[in-house]
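The exercises below are to be worked with the sequence and the structure open side by side. Try each task before reading its solution.

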Amino acid sequence: MKTSAFLYPWDVLGDPDAPTRIADLGVRQVTLASAYHSTRALTPRHPKHRIVTAEYASVLYPPSELYWRGRELSPYAAGSWAPGDAFGRAADALAAAGLDVHSWVVLAHNSRLGAEHPGTSVVNAYGDRYPWAPCIAQPRVRAFLAALAAEAAVRPGALGTELESCGWYGLAHPHAHDKLAGVALDDNTAQYLMSLCFCPSCAQGYAELGLDGAELRARVRGALEPVWRGGTVGASGTELLAATLGFRAGAARALQEAAVAAVRGRGGAEFQVLLHADPRAWRSGANAGVDAEHVLGLADGVVVPCTGGPELLEPFVAVGCEGAVVAANLTVVSGMGGRPLSLADDAAWAVALGATELRLYHAGLASDADLEAVRRAGVAG
């Protein structure tokens, strides 16, 4: 079964043994970051460093001045963590080791964009801005993300791409020194309500559904009030989710259609486009909520989070879209909740439910022991 391992360019550059080490896992492909959010990443085997700090969301190649000229929003070039064409140099080294390279593009997750252009950010029912979360209902944001998808995806040496955060981002975000655990927010309704945006574009969208923005904000705050006292969201929260989901899902579909069209326009029909996706339409984050049938009719397939179990594969498999990629994404970093020692069983379970490919997150972050467990599992191919 075709298996791909995720990597950052800094996992490869400056470490001449990295490409062979990855190839020795038995994988055929690497999904290599070309546009990525701010992060602090471990590099446990690199001969020159152990920690890489990417200070802000950036592209990991030189953005084209001509391509971005005249656009209101544009990406940021990386600093010292990925200078010059870091993606291109890493891709060349990996290809020389016999590995196919696909780009890995993070879209609606960009704290620097929100800091420098605060009007682009999601605004919650309390008026708080989420600078890491661009509001995808705004036409200018959608245009920027589609243009970014095209440039960052279709890089020299890339045979295809995986688009992450191609949908709504919201409250959930491992931010610097997070202090959000004082009150438990369930993964469904409370998180959804805290991720609803009330910027002018979204207010207009709600109005088109017959919902008054000010009244809706008040209703959301009222539904969340029991949560701040240690309780849970009641039935009113579920009603609010149902009332607003149509607009939210429509905005997500519009971004997904624009991004995929932009990539295909630049890369051609043979350039593979996959989306990191969750079949629960209300979900926001790296694996954006999608309509399974819509997204498989749009892209070449999906990458689905399966570390907690492969059940999320089922809605995509049920669509029965012939030739579509349904890739099970399995974390193999023990320190990040991964299960490298159970990889063979987890992969077999995913395949039994209909997975056509595997993804391993993340070969650069994993320890030597984790990588050895991957080799022993013998699932890569």
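**Exercise 1.** Is Val 333 buried or exposed? Decide this, then describe the surroundings of the residue.

Solution. The model is a predicted one.
- Step 1: find the place in the chain. Val 333 sits in the loop that connects strand E13 (325–331) with helix H13 (343–352).
- Step 2: apply the cut-off. A residue counts as buried under 20% relative accessible area. Val 333 has a relative accessible area of 6%, so Val 333 is buried.
- Step 3: list the contacts. Beyond its neighbours within four places in sequence, Val 333 is in contact with Gly 338, Tyr 361, His 362, Leu 365, Ala 366 and Asp 370.
- Step 4: compare sequence and space for one of these partners. Tyr 361 is 28 residues away from Val 333 in sequence, while their C-alpha atoms are 7.1 Å apart.

**Exercise 2.** Which residues does a cis peptide bond join? Relate this bond to the contacts of Thr 331 and Val 333.

Solution.
- Step 1: the cis bond is between Tyr 361 and His 362, with omega about 15°.
- Step 2: His 362 belongs to the loop between strand E14 (357–361) and helix H14 (368–377).
- Step 3: Val 333 touches both Tyr 361 and His 362.
- Step 4: Thr 331 is part of strand E13. With a relative accessible area of 17%, Thr 331 is buried.
- Step 5: apart from neighbours within four places in sequence, the contacts of Thr 331 are Thr 307, Met 336, Gly 338, Arg 339 and Tyr 361. Tyr 361 and Gly 338 are therefore found in the contact lists of Thr 331 and Val 333, given that contact means heavy atoms within 4.5 Å.

**Exercise 3.** Which residues of helix H4 (residues 86–96) are buried? Work out what covers them and what comes after the helix.

Solution.
- Step 1: the buried residues in H4 are Ala 86, Phe 87, Gly 88, Ala 90, Ala 91 and Leu 94.
- Step 2: consider the spacing. Residues three or four places apart in an α-helix point the same way, because a turn takes 3.6 residues.
- Step 3: the cover over the buried residues of H4 includes strand E1 (3–7), helix H1 (9–12), helix H2 (18–23), strand E2 (29–36) and strand E6 (100–106).
- Step 4: after H4 comes Gly 98, with a positive phi near 90°.

**Exercise 4.** Which residues have the most contacts inside the largest nonpolar core? Describe the core and one of these residues.

Solution.
- Step 1: the largest nonpolar core comprises 128 residues, and Trp 168 and Phe 316 have the most contacts inside it.
- Step 2: the greatest contribution to this core comes from helix H10 (residues 235–267), which supplies ten residues.
- Step 3: leaving out residues up to four places away in sequence, the contacts of Trp 168 include Val 122, Cys 135, Ile 136, Cys 197, Cys 202, Arg 248 and Ala 288.

**Exercise 5.** Where do Ser 58, Ala 133 and Ser 165 lie? Add the burial of each, with any contacts or backbone angle available.

Solution.
- Step 1: Ser 58 lies in strand E5 (residues 58–59). Its relative accessibility of 6% makes Ser 58 buried. Outside four places in sequence, Ser 58 touches Ser 34, Ala 35, Tyr 36, Tyr 76, Ala 77, Ala 78 and Trp 81.
- Step 2: Ala 133 lies in strand E8 (residues 129–134). At 0% relative accessible area, Ala 133 is buried. Contacts of Ala 133 beyond four places in sequence are Thr 120, Ser 121, Val 122, Tyr 169 and Gly 170. Val 123 is ten residues away along the chain, with its C-alpha 9.1 Å from that of Ala 133.
- Step 3: Ser 165 lies in the loop between strand E9 (160–164) and helix H7 (189–195). Ser 165 is buried too, at 0% relative accessible area. Its phi is near 55°, a positive value in a residue other than glycine.

**Exercise 6.** How many helices and strands are in the protein chain? Judge whether the fold is as compact as its length suggests.

Solution.
- Step 1: the protein chain has 14 helices and 14 strands.
- Step 2: its radius of gyration is 20 Å, close to the 21 Å given by the globule rule for 381 residues, so the chain is as compact as a globular protein of that length.
- Step 3: of the 381 residues, 55% are buried.
- Step 4: of the contacts between residues at least 6 apart in sequence, 74% join residues at least 24 apart.

Terms used: Residues are numbered from 1 along each chain as its sequence is written. This is a predicted model: local features need pLDDT of at least 70, side-chain atom pairs count only at pLDDT 80 or more; totals for chains, interfaces and linings use all residues. Side-chain values use heavy atoms; hydrogens and water are left out. Helices (H or I, at least four residues) and strands (E, at least two) are DSSP runs, numbered from the N terminus. The radius of gyration is taken over C-alpha atoms; the globule rule is 2.2 Å times the number of residues to the power 0.38. Buried means under 20% relative accessible area, exposed over 50%, partly exposed in between (1.4 Å probe, protein chains only). A nonpolar core is a set of buried Ala, Val, Leu, Ile, Met, Phe, Trp, Tyr and Cys residues joined through side-chain atoms within 4.5 Å.
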